[in-house]
Amino acid sequence: MSHIPANRQVLLVSADSDMQTLLREALSVSSVGAEPVDCSLNGQHIHGGQRLLPQFTLVCVEAGHGVLEKVAEAKITGHPFSLAFIEVGPWEWNLLREMVERMWECDHTLRCVFCLPLDRASWPGCLSFSRPEQWAVLRIPLLKQEVFQFACCLSAGIPSPLDPVSNGPGHPAEKDNPLQRQLYPNAHDREEKTGELESARDALAASKYYVDNILRSMADSLLVINADMTIGAVNPSLLNLLGYQEHDLIGESPGLIFGEEFAQGAIIENLLLQGSVSGVESSFLTHEGRKIPISVSGSMMQDQQGQFQGLVCVAQDITERKRMEEEKLQLHEQLLDTSRQLGMAEVATGVLHNVGNVLNSINVSIGVITDLLKNSMVGDVGRISQLLEKHREDLGAYFSQNPKGKQVPGFLEKLSRQLVEEKRVALLELDRLRENAGHAQQCVAAHQDLANPSGITEPVSLGELIDEALTVNQDVLGMFSINVIQEFQEVPQVIVDKHQVLQILVDVIRNACQAMESVSIKQLIVRVKLIIGPPDSICLEVQDTGSGIPRDDLTRIFGQGYSTKYGGRGLSLHRGALMAKNMGGALRAQSEGAGQGATFFLDLPGNFHFPDL
C-alpha cells in the first residue's frame, strides 16, 4: 500500500457554516498514542506497531465547478484529498451524483461520505454509484466522535495484495519475506505493473479533466450529434444559452433545439456531403421557445476505420451582430433619405444661384431699355406736331420765313435717325431678355435632371458661347472696368450641352471678375484652344490678374461648400466641376499663389460638327 501521509486533506462540500464549524472541531483532535494491533495470517503472527492518530486539514467549498477544480488541483500537486464529506439535499441528488462521478474521474482513490437528513423518507429514492466500495452515509446531525472515526478509517485506504506485511515491532517486511513470496511469487512484477497502471490512470484522469475544462470554458456553444442522430454531448455555454439541463438534451433529437431549420435538413445535408460547414446562419430554440440567431460551423467525425461516428457543431450567438446589421440598415436608409433631402436642397440652391446670375443679365438689359426710354426723343414728336398744328394755315410761309420753322425739317431728320437707333437698341435688348429668360428655363431643367449624366447636346460655336457668357457678366465687367482680351483659335463647331457649358463659363468669368476687385491691373483673357490628340479635345481658358489661389486650395476650391469669399456658399465651382465631368470633360485651376492671378481650364471632348459632311 502506498504511504499514507500523517497529515491528510479532507474536502467538505457544503455552504452551511454550522456544518463547516462542526467538521473542523471533529477533525482537530490532538494526536495521542494508539494501542498496538495484533492479527495473524495463515498461522504467521503479524504485529501492528503503535501509530499516532492522523492530523486532518479541512478544505471547504460550495457545490459546483469549483469542487472539480479543487480535486484536480490537489491531485496534480501531489497532495490529494483522502476523504470528501458531501452534504446532500433531496433536490440535489442528480447533480451531486454527476459531480461525484467526475470527482472520481479526477482522483479514483477518493472516498466520499454523504451527509443525509435523519428522516429516511427525505432520502433519494435510489442511492447508486459506479464505485460502491468508495462511499458511505452519515446521518445529520453528526456526532464529532463518529465523524473522526470515519475520517480515520476511510482515509487510511485498504491494503492491497502488494502491500508489505509487518513481522512485528521493529521488524519491517523485507522484500524476500518467505510469507510474501509464498502468497505472491510475482509480487515485484505486479507491483511495478500496478504502479505503471496507476500512473497511466492519473495521466488519463488529468488529461480528461483538462479536455473537460476546455469544453466547459468555451464561450461558443458545443453540440455533438451521435451517428443515430441524437444529441450525444453539450457544453455549459449551450445549456446557459438555451436554458436546458444536460439530462434534458442528451439522447434527444437535435430538432429539439434547432427547430424547423434542422427538420428541413439543410445543415445536416451539407455536413454529410461536404464533410464540414462554416458560418451557416441558423437559429436555436430556447427552452421557452424563443429563437436565437446563430452562426453554425461543424464537421463530420469518423473512427479509425473511416466509419461515420457523428457530427461536431460549434454555434456562435449572433444576436448582437444581427442587431447591429439591422441598425446599420436603418442608418443606411436614414442616410439615403437625408441625402435625397440634401440633394433636393442642393438642387434648389443651385437653381437659385444660376437663375440669379441670369437675372443679373436681365436686370442689365432692363436698365438699358429703361435709360433709353427715359432719354428718348419720342416726346419731341408731340411738340413738333403741336407747332405744325398751330401754323397749319401758313405752313409754307412758316417753313420759308420763320427762323424756327426753317429748323423743323432738319430737326425731323435728326429725330428720325434717333428714333431708329432707339428702336434698334430696344430690339437688341429685348432679344437678350428673351435669350436670358430661355437660359433661366434651361437652368431649372438642367438642375431637375442633374442626376442624368447626359443632357441635350447640339452643335455650338464656342466663340458665340463665350460672347454670350461675357454679355451675361456685362454688369460686373463694367462695374470693375475690366479689360477683356479674346484669343480664339479657329475651331469647328462642337457638339456639347450648350447650357451647361454656358453656365460654367458664366460662373468662372464672374468669379474671375470678383477676384480682380481690389487689384490695380484688371485684365481678363479668354482663350479657345484646339488640343491635337488622339483624341482631339477643346480647352477653354479664363485667365485673370486677380488675387490668385494658394497652392493648397487648388483642388479644395471645387469641393462643395468651400468658398474664399465672405458669405459665399461655394456652389459655382463645385457644380461646374460636376457638369464638366458629366460632359466627359474636366474643370481645373492653376495659380502661382496669392497675388499672382489664376487661370481656369475647361476641357471638353472634341466632338466636332462638320455640316458639309
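**Group meeting: two sheets, two cores and a helix**

Okay, let's start with one pair: R588 has F601 as its bridge partner, over in β19. Keep in mind that this is a predicted model.

So where does that pair sit? β18 and β19, residues 598–605, run antiparallel and are joined by five bridges. Both strands belong to an open sheet of five, in the order β14-β16-β17-β19-β18, and the pairing in that sheet is mixed. At the edges you've got β14, 483–488, and β18, 586–590; each has a single partner strand, so one side of each has no neighbour in the sheet. From one strand to the next, the twist averages 15°.

Now, which helices lie across this sheet? Helix α16, residues 462–472, lies across β14, β16 and β17, and runs at about 170° to β14. If you want to find the other two strands, β16 is 523–531 and β17 is 537–544. Then there's helix α18, residues 498–515, which lies across β16, β17, β18 and β19, at about 20° to β17.

That brings us to the packing. The largest nonpolar core has 47 residues, and the ones touching the most other members are V501, L524, L540 and F600. Which element gives the most to this core? That's α18, with nine residues. Have a look at F600 while you're there: setting aside neighbours within four places in sequence, F600 contacts V508, L540, E541, V542, I549, I557, F558, L573, R588 and A589. And yes, that's the R588 we opened with, the bridge partner of F601.

Apart from that core there's another one, of 27 residues, including L11, M99, C112 and F114.

M99 is a good excuse to turn to α3, where the buried residues are W93, L96, M99, V100, M103, W104 and C106. Looking down the helix axis, those buried residues fall within an arc of 150°, so they line one face. On the other side, N94 and L95 are exposed. Quick sanity check on α3, residues 93–106: 14 residues at 1.5 Å each should span 20 Å, and the end C-alpha atoms are 20 Å apart, so that agrees.

Last stop, a three-strand sheet. This one is open too, ordered β13-β15-β20, with antiparallel pairing. β13, 458–460, and β20, 608–609, are the edge strands, each pairing on one side only. β13 meets β15, residues 493–496, over three antiparallel bridges, and V460 has V494 as its bridge partner in β15.

That's my tour, thanks.

Technical notes
Residues are numbered from 1 along each chain as its sequence is written. This is a predicted model: local features need pLDDT of at least 70, side-chain atom pairs count only at pLDDT 80 or more; totals for chains, interfaces and linings use all residues. Side-chain values use heavy atoms; hydrogens and water are left out. Two strands pair if DSSP finds at least two bridges between them. Helices (H or I, at least four residues) and strands (E, at least two) are DSSP runs, numbered from the N terminus. Axes are lines fitted to C-alpha atoms, for helices over the stretch in contact, and angles run from 0 to 180 degrees between N-to-C directions. Contact means heavy atoms within 4.5 Å. The expected span of a helix is 1.5 Å times one less than its number of residues. Buried means under 20% relative accessible area, exposed over 50%, partly exposed in between (1.4 Å probe, protein chains only). The arc is that of the directions from the helix axis to the C-beta atoms. A nonpolar core is a set of buried Ala, Val, Leu, Ile, Met, Phe, Trp, Tyr and Cys residues joined through side-chain atoms within 4.5 Å.
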